[in-house]
Amino acid sequence: MSTATAAQVRLEIVPVKQAEAKAFVKRLHRHHPAPTGSVFQVAVADETGEIRGVAMAGRPVARSWDDGWTLEVNRVATDGCDNACSALYASCWRAARALGWRRLITYTLASESGSSLRAAGWKVIGERPGRSWADSSRSRPRVDTYAEHGQSKLVWAAPSEPREEKT
């Protein structure tokens, strides 16, 4: 990992294979494993080509959002590089729109600031109470290993038009 400051790091969106994105998420995401699959994934690299973050977008986890026009950023993980998250969220929206998707959503814990999403132009569109996946269905018992499942979550939506990259 580089120790360069934000002023010294020039970031570029680059393609990444799903397996590589999953491995990056497994290594660096704060509280979730990588999703099983994705519709697409992108990475952000510094000027040396080192990947500093990845984002994975897939079908919405909540059935109510899975309308055929909505995609969800299911996972974003970075090494802490300044502006990497915002660049990834903005890139995901540009890519989703180019592929014909009309809405892109994601979730954050209510305790998280959401500053990267706001920087990319996203807005909070709702709040969901926290609940345990283990309690979600008696017919499908699950072991809930994530303490944050009990916390409420904010639902975010990308802006109506994707933001252009600054040059």
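This briefing walks through the nonpolar cores, one strand residue and the ring contacts of the structure above. The model is predicted, so local features need pLDDT of at least 70 and side-chain atom pairs count only at pLDDT 80 or more, while totals for chains, interfaces and linings use all residues. Residues are numbered from 1 along each chain as its sequence is written, and side-chain values use heavy atoms, with hydrogens and water left out.

**Nonpolar cores**
- The largest nonpolar core (buried Ala, Val, Leu, Ile, Met, Phe, Trp, Tyr and Cys residues joined through side-chain atoms within 4.5 Å; buried is under 20% relative accessible area with a 1.4 Å probe, protein chains only) has 25 residues, and F40, L71, V73, Y89, C92, L104 and W122 touch the most other members.
- At least two residues of this core come from each of β2 (40-45), β3 (51-58), β4 (70-78), α2 (84-98) and β7 (153-157); helices (H or I, at least four residues) and strands (E, at least two) are DSSP runs, numbered from the N terminus.
- With 7 residues, α2 gives the largest share of this core.
- A second, separate core holds 11 residues, including V14, V16, V25 and A77.

**Around T108**
- T108 sits in strand β5 (residues 103-109).
- T108 counts as buried because its relative accessibility is 9%.
- Setting aside neighbours within four places in sequence, T108 is in contact (heavy atoms within 4.5 Å) with L117, S152, K153, L154 and W156.

**Rings**
- R102 lies over the face of W69, 3.7 Å from the ring centre; the criterion is NZ of Lys or CZ of Arg within 6 Å of the ring centre and within 35 degrees of the ring normal.

Notes
Buried means under 20% relative accessible area, exposed over 50%, partly exposed in between (1.4 Å probe, protein chains only).
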